[in-house]
Amino acid sequence: MSGLDGLRGLAALYVVLFHCWLYTFPGYPNSSAPPWLDGLMFGRLAVVFFLVLSGFSLAISPARHGWRSGGVGQFLRRRAWRILPPYWAALILSLLISWFVVPASHFGPPTGATVLVYGLVAQDMVTAPTPNGAFWSIGVESELYLLFPLLLFVRRRWGAAVLAVCVTLPVVAGGLMAANASPVEGDNWLAPHLAPVFAAGVIGAGAISASDRIRRLPWGWLAVLAALPVLALGAVRGSVWTVNHYFWIDLAIAPAMTMVLAAVATGKPAFLVRLLTTRPVRGLGNFSYSLYLIHLPIVMAVIRRVAPHFVSPGLPTFGFTLALALPVSVIGAWLFSKIFEIPFKKNRSWKSLIAGGSEGK
């Protein structure tokens with residue numbers, strides 16, 4: 001839908017900037033970076049936005065057809081066809097870089113368990129040394145795809161309010177029962193916590209097929225009003241507190257994110273939709289998944305293997321990384337998408353893909 005791909009592309013670009021910042025300045029979340037760069041420390045929220053956007057985008061067609069997906073098996077097959085080929089290609093690339101250039105984490109190079117766990121997209125359920133720190137969200141999203149048909153069933157049978165309560169109440173209750181009502185998150189088992197933000201996107205897609213009165217609501221301004229308390233709390237308590245309380249921040253900011261998507265999907269505000277549909281932004285959105293998948297090994301290789309030979313740590317390394325890793329990531333992702341992503345978006349089966357390749361020759 002017009003504008004949504006642009007939002008996806010800008011979010012992916014922000015994640016690249018976040019990782020350039022994260023691996024340049026140690027000590028996250030109490031980073032050694034200068035305070036004027038603090039705006040780059042919220043990469044987690046960009047991924048949360050991806051999840052809200054994913055739920056929203058997937059639910060647009062069902063919302064127009066009585067909240068029916070057209071078949072669970074068909075939906076899951078299409079998701080696997082769309083997501084897995086570029087993911088597996090990026091996994092191979094990430095393994096090679098982790099083994100021969102720079103490990104992806106302080107746990108060291110990937111192991112045989114890494115290949116098995118990440119090959120099966122089970123990283124949110126089973127811990128193994130990561131080949132690519134960005135892959136955690138792919139495991140989460142894959143689990144949410146399995147949940148999606150059930151979310152549609154609840155929405156169709158009992159409505160949006162019941163869906164919101166069923167998905168959110170257990171998460172809130174679990175969070176309140178944690179020590180100091182502030183759960184400590186690990187590297188996996190994040191899908192149950194993030195299910196409400198995905199469901200928020202699903203619920204928000206209802207605005208697309210709603211009455212004109214609902215569609216004409218000032219969704220952009222409502223998003224601002226919904227975000228203001230969260231932003232004010234973050235400003236008062238500070239960025240480090242915000243990062244340490246992502247469990248609650250994720251849930252609190254999801255409604256505002258959903259309203260932003262509803263605003264853009266209904267064509268408002270017009271100036272933002274025009275920006276998001278410009279050729280560069282729309283083009284970035286077309287290969288945003290590839291950018292998300294492959295950028296981090298490139299960024300880490302530049303910071304840890306290339307930059308030390310040319311610049312000193314800190315700001316010089318950050319500037320060097322922006323100048324080198326950012327364009328290499330974008331151009332590399334564009335080329336990567338041409339081979340491993342776009343053909344699977346344009347074709348729905350191996351037969352169609354092979355036929356398309358033969359015609360190209």
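**Exercise 1. In this predicted model, determine whether Asn180 is buried or exposed, and describe its backbone and its place in the chain.**

Solution. Begin with the accessibility: Asn180 has a relative accessibility of 77%, and because the exposed class starts over 50%, Asn180 counts as exposed. Turn next to the backbone, where phi of Asn180 is near 60°, a positive value in a residue other than glycine. Finally, locate the residue, which sits in the loop between helix H6 (160-177) and helix H7 (191-204).

**Exercise 2. Carry out the corresponding analysis for Val121: what is its phi, where does it lie, and is it buried or exposed?**

Solution. The phi of Val121 is positive, about 55°, although the residue is not a glycine. Its place is in the loop between helix H4 (112-119) and helix H5 (136-158). With a relative accessible area of 11%, Val121 falls under the 20% limit and is therefore buried.

**Exercise 3. Find which peptide bonds at Pro29 and Pro269 are cis or trans, and assign each proline to its loop.**

Solution. Take Pro29 first: the bond that joins Tyr28 and Pro29 is cis, with omega about 5°, and Pro29 is found in the loop between helix H1 (4-24) and H2. For Pro269, the peptide bond from Lys268 is likewise cis, with omega near -10°, and this proline is placed in the loop between helix H11 (246-265) and helix H12 (270-276).

**Exercise 4. Describe the largest nonpolar core, and then list the contacts of Trp21.**

Solution. The largest nonpolar core has 105 residues, and those with the most contacts inside it are Trp21, Tyr87 and Val202. Helix H2 (residues 43-64) gives the most to this core, with 14 residues. Once neighbours within four places in sequence are left aside, Trp21 is in contact with Tyr28, Ser31, Ala33, Leu37, Leu40, Met41 and Phe318; Tyr28 in this list is also the residue joined to Pro29 by a cis peptide bond.

**Exercise 5. Establish how many cavities of 30 Å³ or more the whole structure holds, and characterise the lining of the largest.**

Solution. The search finds one such cavity, and about 40 Å³ of space lies in the largest cavity. Its lining includes Ile97, Ser98, Asn132, Leu296 and Met300. The elements that give two or more residues to this lining are helix H3 (72-100) and helix H14 (288-306), and H14 gives the most, with three residues. By class, the lining residues divide into eight nonpolar, two polar and no charged.

Terms used. Residues are numbered from 1 along each chain as its sequence is written. This is a predicted model: local features need pLDDT of at least 70, side-chain atom pairs count only at pLDDT 80 or more; totals for chains, interfaces and linings use all residues. Side-chain values use heavy atoms; hydrogens and water are left out. On a 1 Å grid over the protein atoms alone, a cavity is a set of points where a 1.4 Å probe fits but cannot get out, and a pocket is an open set with protein on both sides within 12 Å along at least five of seven lines; lining residues have an atom within 4 Å of a point. Grid points are joined across faces, edges and corners, and a volume is the space filled by probe spheres set on the points. Helices (H or I, at least four residues) and strands (E, at least two) are DSSP runs, numbered from the N terminus. Ala, Val, Leu, Ile, Met, Phe, Trp, Tyr, Cys and Pro count as nonpolar, Asp, Glu, Lys and Arg as charged, and the others, Gly among them, as polar. A nonpolar core is a set of buried Ala, Val, Leu, Ile, Met, Phe, Trp, Tyr and Cys residues joined through side-chain atoms within 4.5 Å. Buried means under 20% relative accessible area, exposed over 50%, partly exposed in between (1.4 Å probe, protein chains only). Contact means heavy atoms within 4.5 Å.
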